[in-house]
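This briefing introduces selected features of one protein model for a reader who is new to structural biology. Please keep the sequence and the structure in view while reading.

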Amino acid sequence: MARYTEAKCKLCRREGEKLFLKGDRCYTDKCAYEKRPYPPGQAGRLRHKMSDYAVQLREKQKVRRMYGILEGQFRTYYKRAEGMKGVAGHNLLFLLERRLDNVIYRLGFANSRDQARQLVLHGIFKLNGRRVSIPSMQVKAEDVIEVREEARKIPVINEAQEVIARRGCPEWLESDGANFKGTVKAMPSREDIQFPINEQLIVELYSK
């Protein structure tokens, strides 16, 4: 499976925002973006006036990189969002939020979405009592996600539970860390996605 293998901190610097790709490290003074809050490369400190297209492209790249989605996958999500009832931009974010790997990250069972994806691929979780290994699965209301009993001593899961208080758990989810379990209480709303995203720019980009 294709995936990004370069330094993740460069992605945050390129987009000009913290994307929280390295888990707890992003909340500390070790964060590379805190030390060098400008794009990587020799011309990183120079100011460039961006065209409308460049602004739209950067917004799309920011969201795609934040959720760890490849370009082809992201376009497929957008086409699906367009065909749904409601606002295409909102639908796109809802589809991304409902990915199993994202939900596991939001529940505090992983320090990052990338780590959550790896844990899912290794079959660490059960969804409604059944073992799952597909990170892109879409969760629905009343779904119950839990760590398999034999995997509950894995250090990264326990470490993630210790830092969930820093980023909090969204209202549409309920985390029960003591029992290594989480519940999808409802479908996410636009207000549940607190990260600064202008989804209309993405719609404008794909509408060209």
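Which residues of α4 are buried? The model is a predicted one, and in it the buried residues of α4 are Phe74, Tyr77, Tyr78 and Ala81. They cover an arc of only 100° around the axis, which puts them on the same side of α4. The points below take up this helix, then the sheet, two buried residues and several salt bridges.

**Helix α4**

- Helix α4 comprises 12 residues, 71-82, and it reaches 17 Å from its first C-alpha to its last, close to the 16 Å expected at 1.5 Å a residue.
- An α-helix has 3.6 residues a turn, so residues three or four places apart point the same way.
- The exposed residues Thr76 and Lys79 are carried on the face of α4 that is turned away from its buried side.
- Three helices, α3 (52-67), α5 (88-97) and α9 (199-206), pack against the buried residues of α4.

**The sheet and helix α6**

- An open sheet is formed by 5 strands in the order β2-β1-β3-β5-β4, with antiparallel pairing.
- The edges are occupied by β2 (130-132) and β4 (173-176); each has a single partner strand, so one side of each is left without a neighbour in the sheet.
- From one strand to the next, the twist averages 25°.
- Strand β1 (residues 125-127) pairs with β2 in the antiparallel sense over 3 bridges, and Leu127 has Arg130 in β2 as its bridge partner.
- Helix α6 (residues 100-107) lies across β1, β2, β3, β4 and β5 (181-184), and α6 runs at about 55° to β4.

**Two buried residues**

- Asn91 has its place in helix α5. Its relative accessible area is 5%, so Asn91 is buried.
- With residues up to four places away in sequence not counted, Asn91 touches Ala81, Met84, Lys85 and Gly86. One of these, Ala81, is also among the buried residues of α4.
- Ala151 is located in the loop between β3 (144-147) and α8 (155-167). Ala151 counts as buried because its relative accessibility is 4%.
- When its neighbours within four places in sequence are left aside, Ala151 is in contact with Ile124 and Ile157.
- Ala151 and Gly123 are 28 residues apart in sequence, and their C-alpha atoms are 9.4 Å apart in space.

**Salt bridges**

- The count of salt bridges comes to 11.
- Lys62 forms one of them with Glu59, and the closest N and O atoms are 3.1 Å apart. Lys62 and Glu59 are 3 residues apart in helix α3, so about one helical turn separates them. Both Lys62 and Glu59 are buried.
- A salt bridge also joins the side chains of Arg64 and Glu71, at 3.4 Å from N to O. Arg64 counts as buried at 14% relative accessibility, whereas Glu71 counts as partly exposed at 30%.
- The side chains of Arg152 and Glu146 meet in a salt bridge at 3.6 Å, N to O. Here Arg152 is partly exposed, with a relative accessible area of 23%, while Glu146 is buried, with 15%.
- Arg99, Asp101, Asp114 and Arg117 are joined into one network by salt bridges that share partners.

Technical notes:
Residues numbered from 1 in each chain as written. Predicted model: local features only at pLDDT ≥ 70, side-chain atom pairs only at ≥ 80, totals over all residues. Heavy atoms only, no water. Helix = DSSP H or I, 4+ residues; strand = E, 2+ residues; numbered from the N terminus. Expected span 1.5 Å × (residues − 1). Buried < 20%, exposed > 50% of the residue type's maximum accessible area, 1.4 Å probe, protein only. Arc of directions from axis to C-beta. Contact = heavy atoms within 4.5 Å. Salt bridge = Lys/Arg side-chain N within 4 Å of Asp/Glu carboxyl O. Pairing = 2+ DSSP bridges. Axes fitted to C-alpha atoms, helices over the stretch in contact; angles between N-to-C directions.
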